[in-house]
Amino acid sequence: MAKKKTAKKSSSKKTTPKKSSSKVSGGTVKATICINHEIWPMERDVLFRPDRMKYVRKLIKPEGCVFCNAAKNGVSFDSLCVYKTKHSMVVLNKFPYNSGHVLVLPRRHCGDLLKLSDGEYTDLQQTIRVTMAAINSIYEPGGINLGLNHGAVAGAGIPEHLHYHMIPRWSGDLNFFPLIAETKVLVESLEQTYEKFLEYFKKI
Ligand SMILES: [Zn+2]
């Protein structure tokens, strides 16, 4: 018995990673990786997107602050800004975790919540509430993730300019975090998301 166990163990150690791939589109490769099951018991589908590395590593830096640029351009699909108030604005996340993922932020370039004026802060909170109503009306989600990463150490991608993330959530969509989970499929394009929000905000 003991001999058999040893033999089984050594053969599993020799398991080499296998990968069956199929092209999806635009150089994207979808693959199922089969690896040593004693270490990684679950197979999973992986969507390889090497072109995303430049964003992950921040190799491409836009000129100036993207949010300030969006604030200057006003409401337009080019800037992804879909709504503006006196002190705040709502822009679509260019790389959404889920359909309907938007950012709510002050128009002024400021990375510290404590440095917002009372007027800016109140306006920002009111805009968050209005955006929550928009998401509920458009997407009817089961819940919404609302979060602010305050500072680079806390995970803010653009720490110099405050921005709240608002992400609609549905029951069972646990794999919304594309970096650590399985392949994420978004059910609508950014253009479609933009049109939906624009239509809602035009009415208020
Ligand atoms: Zn800015």
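This is a walk through the model, one selection at a time.

Before you click anything, note that the model is predicted, so local features need pLDDT of at least 70, side-chain atom pairs count only at pLDDT 80 or more, and totals for chains, interfaces and linings use all residues. Residue numbers start from 1 along each chain as its sequence is written.

**Whole chain**

Start with a cartoon of everything. You should find 5 helices and 8 strands; here helices (H or I, at least four residues) and strands (E, at least two) are DSSP runs, numbered from the N terminus. Reading from the N terminus, the order is α-β-β-β-α-α-β-β-β-α-β-β-α. Of the 204 residues, 19% count as buried. The burial scale goes like this: buried takes 20 or more other C-beta atoms within 10 Å of a residue's own, exposed takes 12 or fewer, partly exposed sits in between, and C-beta atoms are placed from the backbone. Among contacts with a separation of 6 or more, 52% link residues 24 or more positions apart; a contact has C-beta atoms, placed from the backbone, within 7 Å.

**The sheet**

Now select β4 to β8. These 5 strands make an open sheet in the order β4-β5-β6-β8-β7, with antiparallel pairing; two strands pair if DSSP finds at least two bridges between them. β4 (81-84) and β7 (143-148) are the edges, each with a single partner strand, so one side of each has no neighbour in the sheet. From one strand to the next, the twist averages 20°. Angles run from 0 to 180 degrees between N-to-C directions, with axes as lines fitted to C-alpha atoms, for helices over the stretch in contact.

**β4 and β5**

Zoom in on the hairpin of β4 and β5, which has 3 residues between the strands. The two pair in the antiparallel sense over 3 bridges. Label cysteine 81 and you'll see its bridge partner in β5, valine 91; tyrosine 83 is likewise partnered by valine 90.

Is β5 mostly covered or uncovered? Covered: 5 of its 5 residues are buried. Colour by side, and Ser88, Val90 and Leu92 fall on one face, with Met89 and Val91 on the other, all buried. Next, pick methionine 89 and show what it touches beyond four places in sequence: Ala71, Cys81, Tyr83, Lys84, Leu105 and Arg107.

**Across to β6**

Add β6 (residues 102-106), joined to β5 (residues 88-92) by 5 bridges in antiparallel fashion. Serine 88 has proline 106 as its bridge partner, while leucine 92 stands opposite valine 102.

Stay in β6 and select leucine 103. It counts as buried because it has 23 C-beta neighbours inside 10 Å. Leaving out neighbours within four places in sequence, leucine 103 contacts Val91, Asn93, His163, Tyr164 and His165. For a distance label, try the C-alpha atoms of leucine 103 and glycine 147: they are 9.6 Å apart, with the two positions 44 residues apart along the chain.

**Helices on the sheet**

Show α4 (residues 118-139), which packs on the sheet and touches β5, β6, β7 and β8 (164-169), its direction making about 165° with that of β6. Then bring in α5 (residues 190-203): this helix lies across β4 and β5, at about 20° to β4.

Next comes α3 (residues 66-73), whose buried residues are Phe67, Ala70 and Ala71. Those residues cover an arc of only 100° around the axis, which puts them on the same side of α3; the arc is that of the directions from the helix axis to the C-beta atoms. β4, β5 and β6 are included in what covers them. Swing round to the face turned away, and you meet exposed Lys72 and Asn73. Just after the helix, glycine 74 has a positive phi of about 75°.

**The core**

Finish with the largest nonpolar core, 24 residues. Such a core is a set of buried Ala, Val, Leu, Ile, Met, Phe, Trp, Tyr and Cys residues joined through C-beta atoms within 7 Å. Put Val82, Met89, Val90, Val91, Val102, Val104 and Leu105 in spheres: they have the most contacts inside it. At least two core residues come from each of α3, β4, β5, β6, α4, β8 and α5.

Technical notes:
Contact = placed C-beta atoms within 7 Å.
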